Amino acid sequence: MSKHSGRGRVVGLPEWDRCAVMGVVNVTPDSFSDGGRWFDTTAAVKHGLQLVAEGADLVDVGGESTRPGASRVDEAEELRRVIPVVRGLASEGAVVSVDTMRASVATQALAAGAALVNDVSGGLADPAMIPAVAEAGAPFVVMHWRGFLEGGTVRGVYADVVAEVVDELHARVDAVLAGGISPDRIVVDPGLGFSKEADHDLSLLAHLDRLHALGHPLLVAASRKRFLGRVLAGPQGAPPPARERDAATAAVSALAAEAGAWAVRVHEVRATADAVRVARAVEGAREQRDAPGAGAPHQAHTTSSEPAVRPAAGSGARDPRPGGQGPSGAEGAR
């Protein structure tokens with residue numbers, strides 16, 4: 001089975017022929033990455049539409065920071081931040097995900113046009129979440145989560161991080177299924193940066209195949225996170241600021257796409273949109289080579305001193321449409 005066919009289909013969402021790109025719109029004053037930049041509703045909607053124009057297939061709207069040490073906002077404030085932005089983006093044809101741990105916010109966001117609920121707690125933070133999503137028939141992201149990070153890293157100790165994350169996600173998926181959410185509407189997320197150190201995140205990225213064994217589409221959310229800062233800094237250096245980790249994020253996006261991820265969640269879309277398309281093109285070339293009846297790769301042999309003919313410049317031009325298909329088509333933090 002090719003990685004393309006093995007990515008899975010999420011009922012209720014468009015089907016993309018490659019790893020999808022989820023752009024982030026943080027309607028918060030205190031996100032670790034871009035807090036305050038899109039706090040105003042008009043600015044947030046404009047930013048979300050710009051992400052779509054740059055290649056985002058979905059736009060993930062969140063009104064509560066989940067960075068370590070962040071305090072929770074109250075329900076009324078989260079609703080005030082999120083719902084107008086969801087409504088504004090959905091009215092423009094964007095595929096919208098709502099990033100929330102509250103059932104009330106999820107329910108109102110779905111009514112306002114959101115198509116997906118992305119809950120970093122996997123339904124653990126609010127017992128009403130799973131019944132609400134099940135009743136709405138919406139797709140649901142189940143992330144690996146060990147608790148709120150108000151006191152910093154929570155239970156970030158593992159004997160075997162890959163095995164433990166897989167086992168804990170499996171148990172959580174079983175609970176979500178028992179709560180009435182359809183299996184073809186479940187997405188899993190390893191929760192990079194949440195109760196994890198840099199080596200844990202890297203181990204999970206190195207073993208995405210183990211997460212695929214859970215049997216559900218996989219979302220990878222590595223954008224600008226602390227482990228990338230640690231990698232870029234080296235053993236003695238200071239990690240670069242979050243907004244200087246976008247090239248590293250695009251590299252992870254390409255690796256995740258190559259490993260068969262269903263989607264990647266990023267703050268800066270354009271580079272990742274390019275990265276996943278290149279990964280898909282390479283994957284397609286591999287599939288063509290391995291197709292039944294395909295001959296051995298042709299290797300040119302010349303006795304002349306003349307150079308081989310080069311392909312015409314521009315023959316690999318990008319699809320000019322946003323996202324290739326258009327809108328329809330942390331630090332532990334968001």
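The structure holds 17 salt bridges, a salt bridge being a side-chain nitrogen of Lys or Arg within 4 Å of a carboxyl oxygen of Asp or Glu. The model is predicted, so that local features need pLDDT of at least 70 and side-chain atom pairs count only at pLDDT 80 or more, whereas totals for chains, interfaces and linings use all residues. Residues are numbered from 1 along each chain as its sequence is written, and side-chain values use heavy atoms, with hydrogens and water left out.

One of the salt bridges is formed by Arg265 and Asp60, whose closest N and O atoms are 2.8 Å apart. Arg265 belongs to strand E8 (residues 263-266) and Asp60 to strand E2 (residues 58-62), so the pair ties together parts that are 205 residues apart in sequence. Helices (H or I, at least four residues) and strands (E, at least two) are here DSSP runs, numbered from the N terminus. Arg265 and Asp60 are both buried; buried denotes under 20% relative accessible area, exposed over 50%, and partly exposed the range in between (1.4 Å probe, protein chains only).

A salt bridge within a single helix is that of Arg81 and Glu77, with an N to O distance of 2.9 Å. Both residues lie in helix H3, four residues apart, about one turn of the helix. An α-helix has 3.6 residues a turn, so residues three or four places apart point the same way. Arg81 counts as buried at 8% relative accessibility, while Glu77, at 22%, counts as partly exposed.

Arg146 and Glu168 also meet through their side chains in a salt bridge, at 2.6 Å from N to O. This pair links distant parts of the chain, with Arg146 in the loop between E5 and H6 and Glu168 in helix H6, 22 residues apart. Arg146 is classed as buried at 11% relative accessibility, and Glu168 as partly exposed with a relative accessible area of 29%. In addition, Arg7, Arg280, Glu283 and Glu287 are joined into one network by salt bridges that share partners.

Helix H6 itself (residues 161-178) comprises 18 residues and reaches 26 Å from its first C-alpha to its last, close to the 26 Å expected at 1.5 Å a residue; the expected span is 1.5 Å times one less than the number of residues. Its buried residues are Val161, Val162, Val165, Val166, Leu169, Arg172, Val173 and Val176. They cover an arc of only 135 degrees around the axis, which puts them on the same side of H6, where the arc is that of the directions from the helix axis to the C-beta atoms. Asp167 and Ala178, on the other side of H6, are exposed. The buried residues of H6 pack against H5, strand E5 (140-143), strand E6 (186-189), helix H7 (198-206) and helix H8 (208-212), contact being defined by heavy atoms within 4.5 Å. Just after H6, Gly180 adopts a positive phi of about 105 degrees.

Strand E5, one of the elements packed against H6, is covered on both faces: Phe140 and Val142 on one side, and Val141 and Met143 on the other, are all buried. In a regular strand the side chains alternate between the two faces of the sheet. E5 runs parallel to E4, to which three bridges join it, and parallel to E6, to which it is joined by four; two strands pair if DSSP finds at least two bridges between them. In the pairing with E4, Val117 stands opposite Phe140 of E5, and in that with E6, Val142 stands opposite Val188. E4, H5 and E5 form a right-handed β-α-β unit, right-handed signifying that, with the strands pointing away from the viewer, the path from the first strand over the helix to the second runs clockwise.

In helix H4 (residues 103-111), the buried residues are Ala103, Val105, Ala106, Ala109 and Leu110. They span an arc of only 160 degrees around the axis, which puts them on the same side of H4. Their packing partners are helix H3 (75-91), strand E3 (96-99), strand E4 (116-119) and helix H5 (129-136). Just after H4, Gly113 takes a positive phi of about 120 degrees.

Glu54 is located in the loop between helix H2 (41-53) and E2. At 17% relative accessibility, this residue counts as buried. With residues up to four places away in sequence not counted, Glu54 touches Val269, Arg270 and Ala273.
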